[in-house]
Amino acid sequence: MNDLSTYIPEMIETRRYLHRIPEIAWTEFLTSELVIKRVRELGFKTIIGKALFNEEYAYGREDSVIEEAQKRALSMGMDPKLLEEMQGYTGCMAIWETGRVGPVTAFRFDMDCIAVEENHDETNEAFVGGFDSTFPGLMHACGHDGHTAMGLAFARWIKDHADSLKGTIKLVFQPAEEGTKGASGIAESGLLDDVDYFIGGHVGMDPKLHELGIITKGFLSTTKINVSYTGKPAHAGAAGQEGRNALMAACSASMQIMGIARHGQGNTAVNIGTLHAGEGRNVVPVHAKMELEVRGANDKICKYMQERALKMIRGSAESYEVGCDIKIMGRATNVVSDPEMCNLIREIATAVPGINRVFDYDTITSSEDCSLLIQKVQSHGGKAVFFYYGCNHNGHHKSDFEIQDTESLPLGFAVFVGALKKTNGQ
Ligand SMILES: [Zn+2]
């Protein structure tokens, strides 16, 4: 049996390589190449390309962005055959079948980055370590590079310890977590329908380095929506009556949506994040585009927010006689972890040397699309849990986000290995 520490150097090296090439939602081609090649080498069966998703639920994909990323990947030496095999879809499910009767256990590792320019100075541990981002405007500012690297270390551990395991292990390398775009298509793919146990983890948030927080319940259910209004142009002074004003429709909808009455049974939030409209000072605005999101303490409350918002969006289109196109860009739900899985993680984490504090952590202000994978597994009676292994950071999604990889990742890794030994050890 190999000691866990033998897996750490490769994990850190992989994390730092990925940190240099951060890829945003649905463009994780280089990251996926690394993952797919590594797990295939180790002997895992892989599911990639369209087979990994129910395409109808693969939200927020922008063809031009994906095509650009494919070109960049090729120019950086990506294997064109593999790129073709991926059919424009990033991500990978790596499956290990032990051949022995036992449970199906799935683990999720997300892969995408944030659109933020990393600090290239000595305030940033990645710069100091010489592994800061080489892609302008993009940064692994949420630690998903660490998650992917840990998933690969975990894959190697599974291969090395296959004789001591039973059942089936599914490692979900999920693209496009940011904006809650990627999980939904995987949840609806059918690939999790046989999963008995599901475990998801994330670095950071409230737990500090050497701490671990178990999400007993938490996260906000959310829907991300893009709206595009199309009006009719006219000379604003000479023939205003002939125009149909898309900008006014968007403004009217925005004001109404921000004023949706709050739900009495739980938290809600709403934000119009962007609004771009108009062509020129003296032209009745023809185009207006809005990006917004609604959130709620659970699916019912989120649905209430979504339905009210959609009514206002459509109502404003009607009032101003403009066309209106609505696209759902992402979705996540709330999480209620199963008590027995929380106990399992609590027991394991408490025994990991270096983890000094384990606590129940109810985060209600953010969203995480792993929630949809958890909901899917629970919907057929499977058991699931989500936890955070801590690090000392200055805030997720910020240009100086850091995770102290050599300290934080090994602790999370030990918990994943410990959990698998409990669920699938023989
Ligand atoms: Zn994240």
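**View 1. Cysteines without partners: the disulfide count comes to zero.** This is a predicted model, and the cysteines here are a quick story to tell. A disulfide needs two cysteine sulfur atoms within 2.5 Å. For Cys113, the closest cysteine sulfur belongs to Cys142 and sits 11 Å away, so that gap is too far for a bond. Cys324 fares no better: the closest cysteine sulfur is in Cys251, at 14 Å, again too far for a bond. How buried or exposed are these two residues? Cys113 counts as buried because its relative accessibility is 1%, while Cys324, at 31%, counts as partly exposed.

**View 2. The zinc ion and the residues that hold its donor atoms.** Cys142 turns up again here, this time with its SG atom coordinating the zinc ion. The other donors are NE2 of His144 and NE2 of His202, and the distances run from 2.1 to 2.3 Å. Along the chain, the donors follow the spacing C-x1-H-x57-H. Cys142 and His144 are both buried.

**View 3. An open, mixed sheet of eight strands.** Reading across the sheet, the strand order is E1-E2-E4-E3-E5-E14-E6-E13. Which strands stand at the edges? They are E1 (45–47) and E13, and each has a single partner strand, so one side of each is left without a neighbour in the sheet. On average, neighbouring strands are turned by 20° against each other, direction ignored.

**View 4. Inside the sheet: E3 alongside E5.** Strand E3 (residues 104–110) and strand E5 (residues 197–203) run parallel and are joined by four bridges. Within this pair, Arg108 stands opposite Gly200 in E5. Helix H6 (residues 144–160) packs on the sheet, touching E3 and E5 as well as strand E2 (92–97), strand E4 (168–174) and strand E14 (383–389). The direction of H6 makes about 145° with that of E3. Helix H10 (residues 339–351) packs on the sheet too, with contacts to E5, strand E6 (211–215), E13 and E14. For H10, the angle with the direction of E14 is about 40°.

**View 5. Ser367, a buried loop residue.** Look for Ser367 in the loop between strand E13 (357–360) and helix H11 (370–379). Ser367 counts as buried because its relative accessible area is 17%, and the cut-off for buried is under 20%. What does the side chain of Ser367 meet at 2.8 Å? A polar atom of this side chain lies 2.8 Å from the backbone oxygen of Leu220, and a polar contact of 2.8 Å joins it to the side chain of Arg295. Leaving aside residues up to four places away in sequence, Ser367 touches Glu177, Phe219, Leu220, Thr222 and Arg295.

**View 6. Ile24, in the loop between two helices.** The helices on either side of this loop are H1 (8–20) and H2 (29–42). Ile24 counts as partly exposed, since its relative accessibility is 24%. Residues up to four places away in sequence aside, Ile24 touches Asp112, Cys113, Ile114, Ala115 and Leu138. That list brings back Cys113, the buried cysteine at 1% relative accessibility. Ser75 is 51 residues from Ile24 along the chain, and their C-alpha atoms are separated by 17 Å.

How values were computed
Residues numbered from 1 in each chain as written. Predicted model: local features only at pLDDT ≥ 70, side-chain atom pairs only at ≥ 80, totals over all residues. Heavy atoms only, no water. Buried < 20%, exposed > 50% of the residue type's maximum accessible area, 1.4 Å probe, protein only. Polar contact = N/O pair within 3.5 Å; in protein donor to acceptor, adjacent residues only side chain to side chain. Contact = heavy atoms within 4.5 Å. Donors = N, O, S within 2.8 Å, 3.2 Å for Na, K, Ca; no water. Pairing = 2+ DSSP bridges. Axes fitted to C-alpha atoms, helices over the stretch in contact; angles between N-to-C directions.
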